[in-house]
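Student: I should like to work through this protein model by question and answer. May we begin with the terms for burial and then turn to the contacts between side chains?

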Amino acid sequence: MDRARKRKLRSLNERAWSGDKDLFTVGGSLHSSLKKNTAFIKRLRTAISPATLGTFLQDIRTLSLHKYLSEIVSACYEGLCRLKSPGDVEAGVEIVSALHQRFGPADFTEHLAWLLGKGMATPEKVFLKNLTAEAREKEEKERLIRQRALLRVITELWLVGALRTLEDAAKPDDATKGAITKDVELKARTGATKGGSAEPFPLEVLKDLLGHDKDHANLPLLVIFVKAYSWDILGVKQSVSEPRKILEEDGFANAPVGAIQTAEDVTDSAVLEQPFTSSAVAERFRSVLKWYYDELAAHIVKDQKSIQSQARRNAEAYVKSGEVFEDRRASYERLVKAQDRMITNAQVIADVIGAEMPDLKESDDPLAIAGGSIGLVKTGDYLRSTGEGPGIWADEDERRFYENLVDLKGKVPPILLEDGRKKRPDTDEAVGRRVDSSDVPDATKAAEPTDEQSLAIANKSIGAQVDALLLRLPELTNRDIIDQTAVDFCFLNSKASRNRLIKALTEVPKGRSDLLPSWSRLVATLGRYMPDVPKGLVDYLDNEFRSLQRRKEKEFLGQVRLSNIRYLAELTKFGVVPEHVVFHCLKVSLDDFTRMNIEILCNLIENCGRYLLKTPDTAPRMQSFLETLQRKKPAIEQKERTPLELFVRKLVYGDLTKRNYGKVLKQIRRFHWEESDVVSILEKVFSRPGKVKYGNIHLLAILLSSLHRYHPEFVVKIIDNVIESVTLGLEQNDFRFFQRRIAEVKYIGELYNYRMLEHPVIFDIMYRILTFGHGGPPVPGRLNPFDPADDFFRIRLIATILETCGMFFNRGAAGKRLDYFLSFFDYYVHTKTQLPMEMEFVVQDIFVLTRPQWKQATSLEEAAKALHLAIVQDQKTAGADKAVEGDEAASDVSSESDNGDIDDIEPYGDGEDDTASEDDEVEQDDDDESVRQSDVDEDIVVTRQEEMIDPQDEAEFEREYAKMMAESLESRKFERKQLFDVPLPVRPKNRDGSTSIAQGEDRISASNTMAFSLLTKRGNRQQTRTVALPSDSTFAIAMRTQQRVEKEEQQRIKNLVLNYDLQQSEDQEGLERLPALHHNRIERPGKDRGQRIRKLQLSDVDW
């Protein structure tokens, strides 16, 4: 639509607003048929275009549309929302002007203005918040498409005078028809009369769109407005002498943006007409644009910093993993693309309002863009500080070797290089990108011969030539031969040839590290046009490096590691290896600073460290790595340990398990314990339970309890060391040693379980843990630097001890002491601040484990009262406890033995000794008279002075005794085990009673019954009752048979002993009886003594 037509329409529409009639001529007779009117409404809703404009104007002249005005308004709004091209908009403006001139503002225009304003209103935040993310994105996209057309339509209608201000709009009765379903309405600014000096309709729309746009999502709409109406409304002419990049995301404006030229500068009025708006109105529009641009510039600067930060994080992630993550790269590229669009749109606004673009220089982060690497210092600052030193290369020859690569495009026909470049990435860093090998197509054919047979022969010939070229690889010693080999390979270029070349380049001959620079130059030369060659080689070397890192213990792979890292270093100097790959190698080696990785670091820095340090893109990061390496140098000086110490540490810290702790104990016992160095090493190892796996601490306690039989003083020293370490931890209270302190108290609890400690020691340690630094019971509010009120670690120490051995404090003196301690512990817990939920559960678990029925205090006052009652009760019972303390301790130990929780876990215990002692008690219970005699004999052994014994007699006695025991064992080899005859326990207080029971056995037997003693236990007391069984019962018959066999065996042993005594009495004068010989011998400890006492009791001999 030309400008003259616009001015004519503007004049007619303004007359319509003034109330003039007959501005649009209509026919004499108007058609009122339903069919034609509904057809007009349907076309108005869907078919507004320049082609149908004449039909619409003819229908407006000839149809009677008064009855359908409400439907026409909604249909016209829907039709205007569907407009896309500038021609469609011009047709829509003509139609709306015709309807406005025929029906007037009151019946048509005011209602249409209300719908248009509603369509341009910003959606309510509550409505968007209730939508899902996908629905919100879809709604936003549809809104932008709809408002893009409506903004152009509203502006054109305002320019031609069909719309004036938002206050002219009136809500129709059925406004919901055809309008948006959201209850959103564009409200006009107050303070102006209807149609008077209120803000123009487009300005109100812009204020509403831009005023609620914090994210600047409506920037594309503003750009469309500015590009289309910069002269007609803003009064700024865009010259075409200096074209700029423009956005083509809409179909409205494609004119380039140029320099600013105001209306006053226009001299040729014949070419450029005056704008439609006055300078005052244009200034109001420009003020809105300036305010929005200031917000937009701040947004752009903020997003630019965010993108730079994202680039740094991506670079860190790439270096850490050694690969480029596609999701990170895609996200970063989306951010950059959106930022570029915003900058371009902002440039359009800045040109129109005459503002300057914000400074987006990236001097503060130069490496975020160049190569994707970062450093701790700026590149420019670092290079200025080191610019006076030597350059990247040592001399000119080295520079030529690594930088002056032959350009294959000038050496071979270009068609031979197209195969490798078809799928080449667009950027210069194509070699470093992770391109899938499947992207490289098959070889193109330079010429396609018609004879298929000659083609097959040619393929075979090429294969042979490739083999011959690969055989020349070990001969690449100078630059000319390398370049000539690259040229020759181009004539054999195909996908298969490149794959074979990659495979050959990965197989470096052993001992030929001198080939690595030459082969790297060959790869770099071919990589400019065949990117899959360097990519395949770098991927292979990267995977090999990762594989070698996983096999650290393989010492024989040392040469392979050095060859791999030197190859990567040489390729790095040619710019073939991506920076994130080489820095990943550096990071992995620095993180695991072992001897193997130290060698890798040295080779990498020696071969390409200077290149990385002097190259601007990598200098800052390389500098940070060198600083880290400098700080880690003291770690190289490892502590020297003797082979024996290493062996002991390996046994206990590494190899000790539940299955092999017996073997470990044997190894430890075989050490030379007479040497102080050995004992010192073992003392260190056993005194540090924190070095052992937490689950193996009980195994360490088993080892120590087993060693107690052979080295008791050693075990006592270990226990002292551990208790002293617990006290030292209380003094230091350093959180770095918390794990070690947990292991120590766990160790102490396990030592109690294996009978290395008694319960008084355990309770003393627990009281020391709770009261250390307090000088007694803790007092709320009193500051203790060793135990602050918000430090709950001591509670965890107590929990560890009680979880380990607290279940055994269930009776006797230990049970009473635990009850008193739990009262104190409950008080201690309430002196702390509010416990975390985790610690509350820990405390509850302690009470459930030790005293399930215990009622915990709910406040400090209740806990203090309970503690006071416990103290009073303890003082009352203190005297009685002292009187029976010995008996209770003995009963406690016996009850623990009955439970069987302790004795079953000794790996190499002298179980036969225990059996011997038990059998000894059995024999003593069989006959009370023999018990009394045994007691007398024991007194004689203790009180009489020992006599000298001849060593020869002693040896002869041992031989005869061994022979006798062997014969006895052989004779009883096939006898059945006694399963049901359990002797009575020794009860000195009831000896007379048990004797009378034994003597009355025959009398009971005479009355066809047989007496047995039934053992019962009530509390800690054992009782026996006599039970009479029929003498003909199976149990009684078996008992009599067993007694008869035992008596015969006993008699046989007596005869053997008497014969031996008679023979000895002939040689020694003054020895009239055998007991003198027995009581004057030195008793030998151990297993033999137990068997001897059990088999040769004096009560067995009838003197």
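Tutor: A residue is called buried when its relative accessible area is under 20%, exposed when that area is over 50%, and partly exposed in between. Please keep in mind that this is a predicted model.

Student: With those limits, is Arg-15 buried, exposed or partly exposed?

Tutor: The relative accessible area of Arg-15 is 39%. Buried requires under 20% and exposed requires over 50%. Arg-15 is therefore classed as partly exposed.

Student: Which residue meets the side chain of Arg-15 in a salt bridge?

Tutor: Side chains of opposite charge can pair when their charged atoms come close. The N to O distance in the salt bridge of Arg-15 is 3.3 Å. The partner is itself partly exposed, at 35% relative accessibility. That partner is Asp-20.

Student: How many salt bridges does a search of the whole structure find?

Tutor: A pair counts when a side-chain nitrogen of Lys or Arg lies within 4 Å of a carboxyl oxygen of Asp or Glu. With this criterion, the search of the whole structure gives a total of 37.

Student: Which parts does the salt bridge between Arg-43 and Asp-59 tie together?

Tutor: The closest N and O atoms of Arg-43 and Asp-59 are 2.0 Å apart. Arg-43 is partly exposed at 26% relative accessibility, whereas Asp-59 is buried at 14%. Arg-43 belongs to residues 34–46 and Asp-59 to residues 53–62, so the pair ties together parts 16 residues apart in sequence, namely helix H2 and helix H3.

Student: What separates Arg-152 and Glu-156 within helix H7?

Tutor: The side chains of these two residues, Arg-152 and Glu-156, meet in a salt bridge with an N to O distance of 3.6 Å. Arg-152 counts as buried at 12% relative accessibility, and Glu-156 counts as buried at 8%. Because Arg-152 and Glu-156 are 4 residues apart in helix H7, their separation is about one helical turn.

Student: Which residues do salt bridges that share partners join into one network?

Tutor: Here the salt bridges have partners in common, and the result is one network. Its members are Glu-396, Arg-399, Arg-400 and Glu-403.

Student: Let us turn to the aromatic rings. How many aromatic pairs does a search of the whole structure find?

Tutor: Two rings pair if their centres lie within 6.5 Å. Applied to the whole structure, the search gives 25.

Student: Is the pair of Trp-158 and Phe-285 stacked, edge-to-face or tilted?

Tutor: A pair of aromatic rings is described by the distance of the centres and the angle of the planes. Trp-158 and Phe-285 are 6.2 Å apart centre to centre, with 50° between the planes. Planes under 30 degrees apart count as stacked and over 60 as edge-to-face. The pair of Trp-158 and Phe-285 is therefore tilted.

Student: How many residues apart in sequence are the parts that this pair, Trp-158 and Phe-285, ties together?

Tutor: Both Trp-158 and Phe-285 are buried. Trp-158 lies in helix H7 (residues 133–159) and Phe-285 in helix H10 (residues 279–321), so the separation in sequence is 127 residues.

Student: What is the angle between the planes of Trp-393 and Tyr-402?

Tutor: Both Trp-393 and Tyr-402 are buried. Their rings form a stacked pair with a centre to centre distance of 5.0 Å, and the angle between the planes is 0°.

Student: In which loop does Arg-755 lie, given its positive phi?

Tutor: Most residues other than glycine have a negative phi. Phi of Arg-755, however, is positive, near 65°. Arg-755 is partly exposed, with a relative accessible area of 32%. It lies in the loop between H30 and helix H31 (759–771).

Student: Which residues gather in a patch of negative charge on the surface?

Tutor: One member of the patch, Glu-956, has its place in helix H40 (residues 951–971). Glu-956 is partly exposed, with a relative accessible area of 34%. The residues of this negative patch are Asp-950, Asp-953, Glu-956 and Glu-960.

Student: Which residues gather in a patch of positive charge on the surface?

Tutor: Lys-691, one of them, is found in the loop between helix H27 (676–686) and helix H28 (697–707). The relative accessible area of Lys-691 is 48%, which is partly exposed. The residues of this positive patch are Lys-639, Lys-684, Arg-688 and Lys-691.

Notes. Residues numbered from 1 in each chain as written. Predicted model: local features only at pLDDT ≥ 70, side-chain atom pairs only at ≥ 80, totals over all residues. Heavy atoms only, no water. Patch = residues over 30% accessible without salt bridge, like charges linked within 9 Å, V, L, I, M, F, W, Y side chains within 5 Å. Areas by Shrake-Rupley, 256 points an atom, 1.4 Å probe, with all protein chains shown as cover. Lys, Arg positive; Asp, Glu negative; His and termini not counted. Charge placed at Lys NZ, Arg CZ, Asp CG, Glu CD. Helix = DSSP H or I, 4+ residues; strand = E, 2+ residues; numbered from the N terminus. Buried < 20%, exposed > 50% of the residue type's maximum accessible area, 1.4 Å probe, protein only. Phe/Tyr/Trp six-rings, centres within 6.5 Å; stacked < 30°, edge-to-face > 60°.
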